[in-house]
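Student: Hi! Could you walk me through this one?

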Amino acid sequence: MSYDHLIVETEGRVGIVTLHRPAARNALSTPLVNELGAALEAFEQDPAIGAIVLTGGDQVFAAGADIKELQEAGFVDIFLADFPHGRAAAWKRMATLRKPVIAAVAGFALGGGCELAMACDFILAADTAVFGQPEVLLGTMPGAGGTQRLARVVGKSKAMEMCLTGRRMDAQEAERAGLVSRVVPVAELRAEAVKAAATIAALSLPAVMMIKESVNAAYETPLAEGLRLERRAFQSTFATEDRREGMAAFAAKRKPEFKGR
């Protein structure tokens, strides 16, 4: 499939999706988001891909929604379209992807761009990254997880300040607050993200999927239920060939050869 607003590549078992609307600072237009949904779905279904990197390049991740699309919209338009989730598969698909997705963020990740990054499994940030939910400055509010995921990650007080004032958070503060896993020089961002994804992709895919599901459950279930899910997932790994191979390789002091089964 060809893409007008994305650059889609592979490096080994890593799928790489780069948002590519440079003239609009990667604003999340409907065509771009439609293409993103298709690209993510293609990598999800591709057995040769074990992990995905989502980036916007070295200058900007995504500066937010495409305001030109929304400026004349009314409540009925937005409500009937269930915007933003109803306009394209990408937002819904991000929540149900089983393969890990790493956001590699340089420059601005604002509004919908910040929400898109938070929908990924973890964020690697360049030292130039800037995060924010500035929707209130336009007379509206976050609508794709900005008030929900942000509060769960950085806490109520910081999330409330950012959403109520539009204040932006630089990469260093984002790391301290737990929004990003780590900060790297911008020149090293893509390589570091691909390296992390390649590390994951080389492991047992069933185990990786179970870990992702279990960690996500920590945000959505009481502790007792999360522990039960984790325990069942752990027990399930004992039905896989990869678990047997991993332990046999450890005992033999050799590198395991996982087959994703």
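Tutor: Sure, let's begin with the ground rules and then go to the strands. This is a predicted model, where local features need pLDDT of at least 70 and side-chain atom pairs count only at pLDDT 80 or more, while totals for chains, interfaces and linings use all residues. Residues are numbered from 1 along each chain as its sequence is written, and side-chain values use heavy atoms, with hydrogens and water left out.

Student: How many residues of strand β3 are buried?

Tutor: Five of the five in β3 (residues 51–55), so the strand is largely enclosed by the rest of the structure. Buried means under 20% relative accessible area, exposed over 50% and partly exposed in between (1.4 Å probe, protein chains only). Strands (E, at least two residues) and helices (H or I, at least four) are DSSP runs, numbered from the N terminus.

Student: And which residues are on each side of β3?

Tutor: Ala 51, Val 53 and Thr 55 are on one side, with Ile 52 and Leu 54 on the other. In a regular strand, side chains alternate between the two faces of the sheet.

Student: Which strand do four bridges join to β3?

Tutor: That is β5 (residues 101–105), which runs parallel to β3; Ala 103 in β5 is the bridge partner of Leu 54. Strands pair if DSSP finds at least two bridges between them.

Student: Switching to helices, what about Leu 80 in α3, buried or exposed?

Tutor: Leu 80 is exposed, at 67% relative accessible area. Its helix, α3, covers residues 75–80.
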